[in-house]
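Here is a quick tour for anyone about to set up calculations on this chain. Have the viewer open and follow along.

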Amino acid sequence: MSQGGPPLEPTSAPSAPPNPFVHELHLSRLQKVKFYFLGALLAPIRVLLAFIVLFLLWPFAWLQVAGLTEEELQEPLTGWRKTVCHNGVLGLSRLLFFLLGFLRIRVRGQRASRLQAPVLVAAPHSTFFDPIVLLPCDLPKVVSRAENLSVPVIGALLRFNQAILVSRHDPASRRRVVEEVRRRATSGGKWPQVLFFPEGTCSNKKALLKFKPGAFIAGVPVQPILIRYPNSLDTTSWAWRGPGVLKVLWLTAAQPCSIVDVEFLPVYHPSLEESKDPTLYANNVQRVMAQALGIPATECEFVGSLPVIMVGRLKVALEPQLWELGKVLRKAGLSPGYVDTGREPGRSQMISREEFARQLQLSDPQTVAGAFSFFQKDANGLVDFRDVALALAALDGGRDLEELTLLAFELFAEEQGEGTSHLLYRDGFSTILHLLLGSPRPAAATLHAELCQTGPCQGLSLCQFQDFALRDPLHGKLFSTYLCPSQPPNASSPGSPAALANGTVHAPKQKGD
């Protein structure tokens, strides 16, 4: 059994890991003919039968919880409900995946008991087919969004599962989830195991995303589970960019046979330090699983609705929202240009949506609402016009990087004291990087603190800021790449965002079904 301790060295991976958010499916002419044929004959029958089985699951799921109060559902179920309904759902679930083409589930290793490992963590999470891993795990409990309770059949299955529910709209929900996970994980085997997909979202299986700490908060032993789809053609991956839901479902159902490998690794026992630090615990388990898979463990993750990658010491969006703003404005026929704030450096000027539309000479309400939504608002729904001015200047393309960074500094720098020089403090620095590179503000604030360690002040001078943005070997290249959004990235170009992020993959087309 694995023991906690110093982080394991990652497997010998390239210095620039693959982009885990993009999946490109290339079909030969023969493969296209095969998929057209099987997609017309085999896929419709399989999908129809699978949906019939999905609806047959509902009576078993409903019967298990029928007549029980919320208080009774706070304890694990036993007796005939557990035996009859559990086995019924387990058997029908296996039939459902069989009908979709998953004829074989190959299991390696030994699943630990609930006393040995109260928590299971599965990775890589690459598709909506991954719940198939619940079958060899004997249907463990899961964590799901509370909004899924309103989805037909799925909601009934979540109640059957006694899933731990988290709401995106309730700030106290996450705290309650943490407490519930800890309660179940430390119940001494009373509760079944809880299964997590610690990446929190789907990738293309070429690298592990950063593990979220939720599965590791209880500080109890966990059993890592590896999921592989060793098929000749990867039709299952459902990444941020790539084939959509319908295409993934149809192509997979059109495969004569799909295989899934589920491998149980030895139980990972946390060290004392790991049991007190969920983030450290998560990072070390991620490295163990990456090593077993032979792929890199990365810091890539989703922040909000955007995928974020690590470049040097900075997290940046795979595609900053600035680029999307440019598309909105160009679609409206507006050529972005510099808008003078008419304000002193470091002074904000909060404007309403109406003033925003007037300054940009936009008349279409839908375009105004779309463009205005790209900027951070205060409690009164106003945006800082400095943000707008910098974004439009970056999109205009009429300035070189030195002029643009000078403008950014002049907009957001503040005086140390009366009559003294201006410095760029944490909030201004974070705003600039968030606008131009899509960097999460906390990550930018951390980098600002590191840059300020080399000087006596808590702010950056113009020279220091431009040294970072223009002449730093890595981050300078990042600025020069991301501030040319009007030109489509090219994978063969060493200065393209995707090349900088992963060295191989260009920024792909928009995801669609």
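Strand β7 is largely enclosed by the rest of the structure, because six of its seven residues are buried. Keep in mind throughout that this is a predicted model.

Who flanks β7? On one side there's β3, which pairs with β7 in the parallel sense over five bridges. One of the contact points is V119, whose bridge partner in β7 is V222. Then there's β8 (residues 258-264), joined to β7 by four bridges and running antiparallel to it. Here R228 stands opposite D261 of β8.

A good residue to click on is Q223, which sits in β7 (residues 222-228). How buried is Q223? Its relative accessible area is just 2%, so Q223 counts as buried, the cut-off being under 20%. The side chain of this glutamine reaches the backbone oxygen of L265 at 3.0 Å. Leaving aside residues up to four places away in sequence, Q223 touches Q110, R111, A112, A117, V119, L120, V121, F264, L265 and V267. So V119 turns up among the residues that Q223 touches, and V119 is also the bridge partner of V222.

**Backbone oddities**

Some background first: most residues other than glycine have a negative phi, and most peptide bonds are trans. Three spots in this model go the other way.

The peptide bond from A123 to P124 is cis, with omega near -5 degrees. P124 belongs to the loop between β3 (119-123) and β4 (141-145). That loop between β3 and β4 also holds L139, where phi is near 55 degrees, a positive value in a residue other than glycine. L139 is buried, at 10% relative accessible area.

Elsewhere, Q162 also has a positive phi, near 55 degrees, and isn't a glycine. You'll find Q162 in the loop between α3 (154-161) and β5 (164-166). With a relative accessible area of 6%, Q162 is buried.

**Salt bridges**

The count comes to 16 salt bridges. Here are three of them, with their N to O distances.

| Pair | N to O distance |
|---|---|
| R175 and E179 | 3.3 Å |
| R184 and E180 | 2.8 Å |
| E355 and R358 | 2.6 Å |

Let's take helix α4 to begin with. R175 and E179 are four residues apart in α4 (residues 173-185), so about one helical turn separates them. R175 is partly exposed, with 49% relative accessible area, and E179 is partly exposed at 42%.

R184 and E180 are likewise four residues apart in helix α4, which means about one helical turn between them. Are they buried or exposed? R184 is buried, at 6% relative accessible area, and E180 is buried too, at 15%. This pair has further company: E75, E180, R183, R184 and K190 are linked in a network of salt bridges.

Helix α9 (residues 353-360) carries both E355 and R358, which are three residues apart, about one turn of the helix. E355 is partly exposed at 23% relative accessible area, whereas R358 is exposed at 54%.

**A nonpolar patch**

Which residues form a nonpolar patch on the surface? They are I45, L48, L49, I52 and L56, and together they offer about 460 Å² of accessible area. One of them, I52, is found in helix α1 (residues 29-65). I52 is partly exposed, with a relative accessible area of 43%.

**The whole chain**

Zooming out, the protein chain contains 17 helices and 16 strands. It has 513 residues, of which 49% count as buried. As for contacts with a separation of 6 or more, 72% are between residues 24 or more positions apart. The accessible surface of the chain comes to about 24100 Å², and 56% of that belongs to carbon and sulfur atoms.

To pull the threads together: β7 is largely enclosed, with six of its seven residues buried, and it pairs with β3 in the parallel sense and with β8 in the antiparallel one. Helix α4 holds R175 and E179 as well as R184 and E180, the former two partly exposed and the latter two buried.

Note on methods
Residues are numbered from 1 along each chain as its sequence is written. This is a predicted model: local features need pLDDT of at least 70, side-chain atom pairs count only at pLDDT 80 or more; totals for chains, interfaces and linings use all residues. Side-chain values use heavy atoms; hydrogens and water are left out. Helices (H or I, at least four residues) and strands (E, at least two) are DSSP runs, numbered from the N terminus. Buried means under 20% relative accessible area, exposed over 50%, partly exposed in between (1.4 Å probe, protein chains only). A polar contact is a pair of N or O atoms within 3.5 Å; within protein, one must be able to donate a hydrogen and the other to accept it, and residues adjacent in sequence count only if both atoms are side-chain atoms. Contact means heavy atoms within 4.5 Å. Patches are made of residues with over 30% relative accessible area and no salt bridge: like charges are joined within 9 Å, nonpolar side chains (Val, Leu, Ile, Met, Phe, Trp, Tyr) within 5 Å. Accessible areas come from the Shrake-Rupley method with a 1.4 Å probe; for residues, only the protein chains shown count as cover. A salt bridge is a side-chain nitrogen of Lys or Arg within 4 Å of a carboxyl oxygen of Asp or Glu. Two strands pair if DSSP finds at least two bridges between them.
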